[in-house]
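Work through the following exercises with the sequence and the model side by side. Try each task before reading its solution.

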Amino acid sequence: ECINQFTNVVKDPIPFTAPIITNIVSGNTQLTVSFTGPTSSGGYNINNYEYSTNNGTSFTNAATTSSPITITGLTNGTTYQIVIRAISDNGYSPNSNVVSAVPLTVPSAPLNPIASNGTSSGSANISWSVPSSNGGSAILTYTITSTPGSNTLTTSNTSGVITGLTNGTSYTFTVYATNAVGNSPNSAASNSITPP
């Protein structure tokens with residue numbers, strides 16, 4: 001008599017691998033996170049992703065199943081430790097790699113430009129106050145522009161002497177600030193002066 005015997009073989013489960021953050025683009029109070037993977041979802045459908053801004057201490061539902069994830073409501077100039085993970089019908093993937101990122105934007109406009117006649121012919125002294133926000137990145141330079149004439153001067157200070165003006169012509173001046181992201185809006189126009 002021949003007896004058939006069946007052996008139950010328990011296979012190792014398919015691993016749920018971690019997604020990988022490939023790039024983060026900084027914006028105004030937001031970060032846009034691009035990622036790949038997971039390369040394996042353990043045989044289950046991925047139905048969502050979550051993100052963390054504090055190195056995985058807490059997570060927020062991203063309400064998406066694809067890259068990228070845009071994280072909003074952040075503070076410019078603050079460093080965030082970004083982590084993501086996938087969610088399947090069977091649970092969570094391992095956490096992704098950790099990437100540090102800082103939301104940034106251009107500065108706000110410089111404040112209160114004041115003009116006065118310079119000590120040399122065809123010149124003017126311009127001073128101003130720093131913008132109320134640097135956009136999260138240090139201000140590198142300021143640029144003064146005259147109206148009319150579009151004479152310019154770029155400086156790292158909050159004052160400067162612009163030259164090349166025409167004596168007897170009335171001028172006003174605007175100033176913009178520049179950080180690593182770009183240029184601020186122009187300030188309001190200064191008071192008018194006429195080089196003598």
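The exercises below concern a predicted model, and each is followed by a worked solution.

**Exercise 1. State the strand order of the open sheet that contains strand 10, and find which strands stand at its edges.**

Solution. Begin with the order of this open sheet of three strands, which is 9-10-13, with antiparallel pairing. Next, look at the ends of that order: strand 9 (111-117) and strand 13 (159-162) each have a single partner strand, so one side of each is left without a neighbour in the sheet. From one strand to the next, the twist averages 20°. Finally, examine one pairing in detail: strand 10, made of residues 124-129, runs antiparallel to strand 13 and is joined to it by four bridges. Within this pairing, Asn125 has Val161 of strand 13 as its bridge partner.

**Exercise 2. Decide whether strand 3 is largely enclosed, and identify strands that are joined to it.**

Solution. The first step is to count buried residues, where buried means under 20% relative accessible area. In strand 3 (residues 46-52), five of the seven residues are buried, so this strand is largely enclosed by the rest of the structure. The second step is to follow the bridges: six of them join strand 3 to strand 6 (residues 80-88), and the two strands run antiparallel. Here Asn48 stands opposite Ile87 of strand 6. Strand 3 is also joined to strand 4 (residues 60-61) by two bridges, again in an antiparallel arrangement, and Tyr51 stands opposite Thr60 of strand 4.

**Exercise 3. Find which side chains meet in a salt bridge, and say whether these residues are buried or exposed.**

Solution. A salt bridge requires a side-chain nitrogen of Lys or Arg within 4 Å of a carboxyl oxygen of Asp or Glu. By this rule the count comes to one salt bridge, and its partners are the side chains of Glu50 and Arg85, with an N to O distance of 2.9 Å. The pair links distant parts of the chain, since Glu50 lies in strand 3 and Arg85 in strand 6, 35 residues apart. Both Glu50 and Arg85 are buried.

**Exercise 4. Describe the open sheet that contains strand 14, and then compare the accessibility of Thr174 with that of Ala188.**

Solution. Start with the sheet, in which three strands follow the order 12-11-14 with antiparallel pairing. Strand 12 (152-155) and strand 14 stand at the edges with a single partner strand each, so one side of each has no neighbour in the sheet. The twist averages 20° from one strand to the next. Strand 11 (residues 141-147) pairs with strand 14 over seven bridges in the antiparallel sense, and one of the facing pairs is Tyr142 opposite Ala177 in strand 14.

Now turn to the two residues. Thr174 is found in strand 14 and has a relative accessible area of 16%, so it is buried. Ala188 has its place in the segment after strand 14 (172-178), and its relative accessible area of 56% makes it exposed. Setting aside residues up to four places away in sequence, Ala188 touches Pro113, Phe173 and Thr174, while the contacts of Thr174 include Thr143, Ile144, Thr145 and Ala188.

As a last step, relate Ala188 to a residue from Exercise 2: Ala188 and Tyr51 are 137 residues apart in sequence and 41 Å apart in space, C-alpha to C-alpha.

Notes:
Residues numbered from 1 in each chain as written. Predicted model: local features only at pLDDT ≥ 70, side-chain atom pairs only at ≥ 80, totals over all residues. Heavy atoms only, no water. Pairing = 2+ DSSP bridges. Axes fitted to C-alpha atoms, helices over the stretch in contact; angles between N-to-C directions. Buried < 20%, exposed > 50% of the residue type's maximum accessible area, 1.4 Å probe, protein only. Contact = heavy atoms within 4.5 Å.
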